[in-house]
Amino acid sequence: MGASAPKVVTVNELRNRAQFNARSCKEVKDKYGQTENGLYYLTTATGVVYQTFCDMTTAGGGWTLVASVHENNIYGKCTVGDRWTSQQGNNANWPQGEGNWANRKTFGTVEAATDDDFKNPGYYDIEAEDMSVWHVPNNTPVNHWKLAAIMRYHTVRHFLHLYGGNLYQLFHSYPVEYNVGAHLSDNGPSIPIVYDLGDKESTKNLYGPYSGGEIEGGFISFRAINHERAATAICSGVKPKSGNVEHYCIGGCGFFPEANPLQCGDFTGFAWNGYGAHIGFSASKQMLESAVLLFYR
Amino acid sequence: MGASAPKVVTVNELRNRAQFNARSCKEVKDKYGQTENGLYYLTTATGVVYQTFCDMTTAGGGWTLVASVHENNIYGKCTVGDRWTSQQGNNANWPQGEGNWANRKTFGTVEAATDDDFKNPGYYDIEAEDMSVWHVPNNTPVNHWKLAAIMRYHTVRHFLHLYGGNLYQLFHSYPVEYNVGAHLSDNGPSIPIVYDLGDKESTKNLYGPYSGGEIEGGFISFRAINHERAATAICSGVKPKSGNVEHYCIGGCGFFPEANPLQCGDFTGFAWNGYGAHIGFSASKQMLESAVLLFYR
Amino acid sequence: MGASAPKVVTVNELRNRAQFNARSCKEVKDKYGQTENGLYYLTTATGVVYQTFCDMTTAGGGWTLVASVHENNIYGKCTVGDRWTSQQGNNANWPQGEGNWANRKTFGTVEAATDDDFKNPGYYDIEAEDMSVWHVPNNTPVNHWKLAAIMRYHTVRHFLHLYGGNLYQLFHSYPVEYNVGAHLSDNGPSIPIVYDLGDKESTKNLYGPYSGGEIEGGFISFRAINHERAATAICSGVKPKSGNVEHYCIGGCGFFPEANPLQCGDFTGFAWNGYGAHIGFSASKQMLESAVLLFYR
């Protein structure tokens, strides 16, 4: 069968999967020889059982979906649903905001990972080496994610070894907090990526034209700080060359000083010059209406 | 034993239920011969396992609880807890609001289905023919739902065949969105019902006296639009004959223009002339303080 | 093994735990001889399965974690995350607020019980005799809770027998609602405690110096009412001698009249004279930044 073609899994196969004893999709693949994309059960170190999506085909497979960042309402400025920044407004007294980049809170479900924010125990439990990222249009069903994606890429150099094995640890080293440092000089790491769908140019085109001059494609970057000392969490597909990171980096802290509260929200300042306008600093409609799915291996 | 009498199920019976492999309560009944009302495990097409309530006794049984609409605070106008309209205020920029009538988000738990909103994977996964609806007073325990209900009814003509097999599909055909059409002419379907508790007259009496002149009992209606082009989701027990649907239809879009924001919320304008006042367009206190439970078969 | 030392449990032991059929940690201990602290599966009377933490070592063990009260943002006055008071602002029209002390809603996860509010089905399902309470610094992993705690204590006199067997029942007898009575005269019970970590003096020192003169250590108290007729839920470690209970009691109703809205929130008026200032009525930073874990036995 084709690697990315949705395939019908029999009920017996599904039930059999509940018997696996694995902490990650990589282990499901290595120990149990599973090669189908789909939902599997995983078990954390403390014994928590949860269900998530395994990508078993990209670059050798074994990728565990651990989170998604979904913008429910770009007009809501740090309102309900902005779990990756703040659901309490733009608030200087709350510099870390929700804190979900570095805690054990979980939310959402795997089947709704493109309909809402998602975070499962794998986010903090799995000890991984690399990341894969998919941008998938909102409200796409699980079995169409791979075909529907507008960008897919992964890292290959085992960078997570240097940062504690997962994002939970990485963001403990690089807190996503207001006023922890200056733009560019205090940013977290930028890691080279290999594209599975798209390239450096198509990546730039997903962001606003003004952003294009301030980013370099072919990277994933962490804890990028803006001119006003607000911290974002992830710059997907790019490395910032300026401090206007709120236009091409997602998630972040609880306070964004510039034009208060316009930059506060999971997709920060992606609609700065109009919704999906793709002029000035506004990202494309495609980008604005796609969830960002984060995988570990 | 009487069909509706709560019965103690032994622990062994409960554990045995975890072995069933079924996608709906109808399948639990047909394949495994279960005839007791209560909680069962179901499995979706993609392998997600969840637990919900099966009504195994009404009109042949096999009804799966897939959702409940609960008003947590009628004074909160599209605030936290208004998952079936908007939790982001009354917002013209957010015409679909939460969008939960047509996405895969889930929330709540079966045991708290009368204490809070509830939506499980069955809502979008099950391929059904008919619906059953129970209005149950808030905070009633599961095993008393049936006896405590103030209205119960079901459809018999397999109408869901025409609309994709469930509400998820129906509301893709009839989007619950502000400004998609005009009152009456662009409403979704109204389906005749058979009462299991109550009748056309008692239905009318649950709504406000002014509403009584504008509705016909004996139906369940979908995507009814009001005078100001706001869309509601479900008119329970009735068919609208006017555009004042916000007083007898629940759930809806993210923007209700009239008297902004007074009509915004899961129970829309049910307290228009006072809380539980049952004068003018105000529904009865019974109605206001009961959750609306939605079943498929 | 040492009672409080974290111990590695093998995967086989973890998987074996899924076979237990018990409604509480006490039953897990008594029927299956389990003596390790950690996560176990429990099953409610209606067949709902959930996972929580069992303390198997304190004072004979068998304690089930059923809830935690966590302050996500003391600057948010009854905003998102204040599930134990109100997430709808300080609202006189909503006297019971969320109502979670006396309903079947559940939220959070056991692994995030110090990162967020937590409530599981055990809260209303278990028939218990005594309570144990741990104050654990925010964001502590499960296996360090016991060592990291700043206060731990339990009751010994089986007081829950008198109040229906759990907090769900107790708070039905003593509603956590605005304007149900007067301070001191209409408070719920105060129950003597035995300290497992700390004492009466250290308890007082966790609260503000002004509070110290108005409380007696060595108790846990329920439904304490303040001067303005707002009801709180639990006064941990103390018995109120005044009506300023908002400075040493947590959780509560949906409306706190004094200095509206400053006292509204899960940790009510704990930062009255500054965040973690430990002057006037302000509690210590330790207290402010610790979750309150509630156990039954």
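# Ring pairs, salt bridges and a strand in a predicted model

Over all chains, the count of aromatic pairs comes to 66. The model is a predicted one, and the account below starts with some of these ring pairs before turning to symmetry, salt bridges and one strand of chain C.

## Aromatic pairs

One of the pairs is formed by A:W84 and A:W101, whose ring centres lie 4.3 Å apart. The angle between their planes is 45 degrees, and the pair is tilted. Where do these two residues lie? Both A:W84 and A:W101 sit in the loop between β3 (63–69) and β4 (118–119) of chain A. They are 17 residues apart in sequence, so the pair ties together separate parts of that loop. Are A:W84 and A:W101 buried or exposed? Each of the two is buried.

In chain C, the rings of C:W84 and C:F107 have centres 5.3 Å apart. Their planes stand at 70 degrees; because an angle over 60 degrees counts as edge-to-face, this pair is edge-to-face. C:W84 and C:F107 both belong to the loop between β3 and β4 of chain C, and the pair ties together parts that are 23 residues apart in sequence. C:W84 has a relative accessible area of 1% and is buried. C:F107 is also buried, at 10% relative accessibility.

Ring pairs in chain A also join up into a cluster. Its members are A:W84, A:W101, A:F107, A:Y123, A:F159, A:Y163, A:F171, A:Y174, A:F222 and A:Y296.

## Relation between chains A and B

A turn of 120 degrees, with a shift of 0.0 Å along the axis, lays chain A on chain B with an RMSD of 0.0 Å. This is the relation of a three-fold axis. Which C-alpha of chain A is nearest the axis? That of A:V80 is, at 4.4 Å from the axis. The copies use different surfaces, since 5% of the contact residues of chain A recur in chain B.

## Salt bridges

How many salt bridges does a search of the whole structure find? There are 27 over all chains. Three of them are set out here, with the distance between nitrogen and oxygen.

| Residue | Partner | N to O distance |
|---|---|---|
| A:K285 | A:E289 | 3.5 Å |
| B:D125 | B:R23 | 2.8 Å |
| C:K285 | C:E289 | 3.6 Å |

In the chain B pair, B:D125 lies in helix α3 (residues 122–125), while B:R23 lies in the loop between α1 (11–17) and α2 (25–32). These parts are 102 residues apart in sequence, so the salt bridge ties together distant stretches of chain B. B:D125 has a relative accessibility of 7% and counts as buried. B:R23, at 29%, counts as partly exposed.

In the chain A pair, A:K285 is partly exposed, with a relative accessible area of 43%. A:E289 is partly exposed too, with a value of 28%. In chain C, C:K285 has a relative accessible area of 43% and is partly exposed, and C:E289 counts as partly exposed at 29%.

Some salt bridges share partners. In this way A:R83, A:D116, A:D117 and B:K105 are joined into one network.

## Strand β3 of chain C and its partners

Strand β3 of chain C covers residues 63–69, and seven of its seven residues are buried. Which strands pair with β3(C)? Strand β2 (residues 49–55) runs antiparallel to β3(C) and is joined to it by two bridges. In this pairing, C:D55 has C:W63 as its bridge partner. Strand β14 (residues 290–296) pairs with β3(C) in the antiparallel sense over five bridges, and here C:L294 is the bridge partner of C:A67. Strand β4 (residues 118–119) is likewise antiparallel to β3(C), with two bridges; C:F118 is the bridge partner of C:S68.

## The nonpolar core

C:L294 appears again in the largest nonpolar core, which has 65 residues. Together with C:W101, C:M131, C:L167, C:F171, C:F222 and C:I234, C:L294 touches the most other members. Helix α5 (residues 167–173) of chain C gives the most to this core, with four residues.

What is C:F222 in contact with, leaving aside its neighbours within four places in sequence? Its contacts include C:M131, C:L167, C:F171 and C:I234. Among the others are C:F159, C:L170, C:N187, C:G188, C:P189, C:I191 and C:A233.

How values were computed: Residues are numbered from 1 along each chain as its sequence is written. Chains are lettered from A and ligands numbered from 1 in the order in which they are written. This is a predicted model: local features need pLDDT of at least 70, side-chain atom pairs count only at pLDDT 80 or more; totals for chains, interfaces and linings use all residues. Side-chain values use heavy atoms; hydrogens and water are left out. Buried means under 20% relative accessible area, exposed over 50%, partly exposed in between (1.4 Å probe, protein chains only). Two strands pair if DSSP finds at least two bridges between them. A nonpolar core is a set of buried Ala, Val, Leu, Ile, Met, Phe, Trp, Tyr and Cys residues joined through side-chain atoms within 4.5 Å. Contact means heavy atoms within 4.5 Å. A salt bridge is a side-chain nitrogen of Lys or Arg within 4 Å of a carboxyl oxygen of Asp or Glu. Copies are superposed by least squares on the C-alpha atoms of residues with pLDDT of at least 70 in both. Rings of Phe, Tyr and Trp (its six-membered ring) pair if their centres lie within 6.5 Å; planes under 30 degrees apart count as stacked, over 60 as edge-to-face and the rest as tilted.
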